[in-house]
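This report describes a protein–DNA model, beginning with the DNA surface and then turning to two individual residues.

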2 protein chains.
Amino acid sequence: MNRTTPAKRTTIYDLAELAGTSASAVSAVLNGNWKKRRISAKLAEKITKLAEEQGYAVNMQASVLRRDRSKIIGMIVPKYDNRYFGSIVEQFEALARARGLFPIITCTMRDPALELEAARTMLSYQVDCLVATGATDPDRVMDLCAAAGVRTINLDLPGSRAPSVISDNYGGALELTRRVLANCEREYGEKAPLLFIGGRGTDHNTMERVRGFRDAHAEAGVPVDEMLVQTCGYAPEKAESAMRQLAERTSDLPRGMFVNSTISLEGVMRWIRRSGHYAERMPHLGCFDWDPFVAMLGDHIEMVRQDVPRMLEAVFGIIDSGATDITVVQVPPIMEKAG
Amino acid sequence: MNRTTPAKRTTIYDLAELAGTSASAVSAVLNGNWKKRRISAKLAEKITKLAEEQGYAVNMQASVLRRDRSKIIGMIVPKYDNRYFGSIVEQFEALARARGLFPIITCTMRDPALELEAARTMLSYQVDCLVATGATDPDRVMDLCAAAGVRTINLDLPGSRAPSVISDNYGGALELTRRVLANCEREYGEKAPLLFIGGRGTDHNTMERVRGFRDAHAEAGVPVDEMLVQTCGYAPEKAESAMRQLAERTSDLPRGMFVNSTISLEGVMRWIRRSGHYAERMPHLGCFDWDPFVAMLGDHIEMVRQDVPRMLEAVFGIIDSGATDITVVQVPPIMEKAG
DNA sequence: CATATCTGCTCAATCGATGAAGCAAGAATT
DNA sequence: AATTCTTGCTTCATCGATTGAGCAGATATG
């Protein structure tokens with residue numbers, strides 16, 4: 001009979017009328033605290049049944065407006081085009097849902113302006129908490145949120161105004177570099193420096209990884225020429241053109257590389273294929289990030305896989321505990337070998 | 001001075017008080033229809049400035065509660081672990097934002113129960129429209145939404161109760177199979193059937209692709225044994241174990257395969273590596289879906305890349321036009337060759 | 001028997017934004 | 001001078017759910 005007016009949604013008032021009771025009772029029953037509000041089990045059952053029959057769904061807008069906490073949790077993330085961010089988002093959703101929180105996610109395409117815009121929009125939607133993943137300018141985001149009294153947590157890239165959860169970039173890079181150096185030495189019988197390529201020279205992760213890269217070289221007694229650190233950005237095109245330019249400047253290309261993300265690796269691999277350099281012998285590669293197909297590209301590739309489950313548990317650990325002290329949790333990544 | 005009470009958010013009432021005017025005027029100014037409401041430019045400017053100073057942000061929950069349209073658009077998506085869904089989500093967000101809509105996305109892990117649960121939650125948040133991507137049971141989702149008067153559109157998998165936008169699965173599969181058959185014939189000098197592996201035998205896409213697969217074989221005059229159609233599910237593990245079982249049952253493994261998604265390809269490749277079969281000669285592969293690293297796996301792989309930009313334009317075309325007739329838009333995919 | 005306590009509800013204010021209706025003062029028209 | 005229009009606002013009800021306060025009747029306690 002209400003099939004004739006499909007546009008109108010059932011509200012607690014409709015249910016109250018049908019049940020011959022008050023909206024207040026309906027609300028109490030449907031949000032589960034009817035015992036606290038001393039509603040009889042009989043009435044509770046009646047209302048629950050009616051709600052089901054009528055296909056009732058709470059109006060979250062009304063509910064959130066009234067309550068003090070929205071139970072909405074936001075995340076901003078740079079891209080969805082690789083397994084790292086993909087699994088971050090999947091885990092985030094799963095853990096949020098497990099806690100009865102509603103996750104909303106926005107992808108910012110690595111654009112600082114969109115980042116702020118997205119944060120502002122999330123504040124408008126009354127998020128209780130915002131996780132900023134790989135934010136270009138985490139502190140600006142934090143300031144915005146702080147002004148609205150909203151907690152924030154940095155993931156992947158650390159900030160100075162909120163707790164952060166990141167990988168142990170230095171440790172991972174140190175170990176990755178060691179392995180690739182060893183692979184090169186094993187094949188060529190002599191120590192030679194690697195090329196570092198990809199990432200932004202200004203971001204914390206890249207800086208830490210470069211530090212690990214340098215320290216591993218120092219450890220091995222191998223000097224690193226400035227030209228060998230190419231923090232050209234993440235995009236495949238940028239990595240590709242950095243390779244091209246490097247090849248123009250030197251004929252003595254490095255035998256191994258540290259590629260700072262799968263996304264940069266895409267460009268590097270493309271250049272290797274197209275340019276014909278390394279035609280007889282593939283360079284030894286180390287990739288900071290993991291992808292199942294990269295793992296199949298050959299046995300000359302070492303990877304660092306960031307421990308996403310542990311990172312997100314750390315994030316929700318902070319959220320659950322309510323901690324707001326500005327700490328940086330470093331999660332050790334996992335070494336993976338191709339093949 | 002309001003730094004002391006950071007928890008309390010500025011509302012239009014606060015701004016009204018500060019500006020010595022009414023909340024109504026503030027609202028009119030801030031949502032842009034102050035001309036229509038005959039507010040003077042002078043007051044408008046004053047309010048705008050104040051809002052900026054105070055870091056005011058609308059409470060969307062209140063705003064949506066009052067309005068008839070929420071301008072929230074929902075999407076449910078199975079996974080974030082491959083480039084296809086990753087780009088769908090990125091495009092969806094971009095196109096939604098360009099229209100002033102707020103996108104909310106939920107990943108259902110291919111779980112039908114979660115699918116319905118997610119749809120219900122989105123209805124609670126008053127979405128104006130829901131795009132169901134790759135839904136296991138699109139029609140159930142549609143029914144839910146229809147009861148609430150919410151429009152829906154199917155993406156990737158078609159449904160029978162709402163407009164759908166999908167790839168031309170048959171055409172893509174036909175062409176892909178032709179190419180892989182030709183590659184095999186070129187190398188081995190004789191025609192031989194391929195193996196179809198991955199996907200769910202019950203889903204529309206898989207059925208269409210199997211049809212294309214069969215027709216291409218028929219065209220070439222090559223009979224297809226039932227054992228050669230292995231719709232074992234998408235997960236890598238399932239593909240891997242299907243390969244294992246096939247190898248146990250026959251020593252005469254096919255020289256080429258049609259792999260029904262990159263995610264299944266992961267399992268197939270893993271099995272190829274581990275089992276040692278195909279050690280001398282890699283099989284010719286066709287993969288229905290594209291991934292940049294798969295493209296680098298060797299020159300024996302052909303891929304079908306679904307035309308995500310065009311698919312999402314079609315989706316928003318339907319949304320913009322307000323059409324609700326139950327049509328299926330088929331977007332031709334793009335053939336890509338490895339290397 | 002009188003009072004206190006408990007049970008099972010209802011009432012009404014509230015969250016913040018929106019917009020129809022209305023009102024006062026000035027400008028234009030007859 | 002009287003009337004109508006226009007301008008620039010304000011008032012107030014409303015969206016739907018939540019929750020403190022309160023109230024009637026039943027039950028327990030002194």
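## Contacts with DNA strand C

In this predicted model, an N or O atom in the side chain of A:Ser22 lies 2.5 Å from a phosphate oxygen of DNA strand C. Base nitrogens of the strand are approached by a polar side-chain atom of B:Arg37 and by a backbone N or O atom of B:Ala62. The distances are set out below.

| Protein residue | Protein atom | Atom of DNA strand C | Distance |
|---|---|---|---|
| A:Ser22 | side-chain N or O | phosphate oxygen | 2.5 Å |
| B:Arg37 | polar side-chain atom | base nitrogen | 3.1 Å |
| B:Ala62 | backbone N or O | base nitrogen | 3.3 Å |

In total, 27 residues surround DNA strand C, and A:Ser22, A:Ser40, B:Ile12, B:Tyr56 and B:Arg66 are the closest. By class, this surface comprises 10 nonpolar, 11 polar and 6 charged residues. Its largest share, 4 residues, is supplied by H4(B). Of the strand atoms within 4 Å of the protein, 49% are sugar or phosphate atoms, and the rest belong to bases.

## Two buried residues

A:Glu266 is located in helix H11 (residues 262-275) of chain A. A:Glu266 counts as buried because its relative accessibility is 6%, under the 20% cut-off. Its side chain forms a polar contact of 3.4 Å with the side chain of B:Arg83. Beyond its neighbours within four places in sequence, A:Glu266 also touches A:Pro236, B:Pro292, B:Phe293 and B:Met296.

A:Gln306 occupies the loop between strand E12 (301-305) and helix H12 (308-321) of chain A. With a relative accessible area of 6%, A:Gln306 is buried. The side chains of A:Gln306 and A:Asp289 are joined by a polar contact of 2.9 Å.

Definitions and conventions: Residues are numbered from 1 along each chain as its sequence is written. Chains are lettered from A and ligands numbered from 1 in the order in which they are written. This is a predicted model: local features need pLDDT of at least 70, side-chain atom pairs count only at pLDDT 80 or more; totals for chains, interfaces and linings use all residues. Side-chain values use heavy atoms; hydrogens and water are left out. Buried means under 20% relative accessible area, exposed over 50%, partly exposed in between (1.4 Å probe, protein chains only). A polar contact is a pair of N or O atoms within 3.5 Å; within protein, one must be able to donate a hydrogen and the other to accept it, and residues adjacent in sequence count only if both atoms are side-chain atoms. Contact means heavy atoms within 4.5 Å. A residue is near a molecule or strand if one of its heavy atoms lies within 4 Å of it. Ala, Val, Leu, Ile, Met, Phe, Trp, Tyr, Cys and Pro count as nonpolar, Asp, Glu, Lys and Arg as charged, and the others, Gly among them, as polar.
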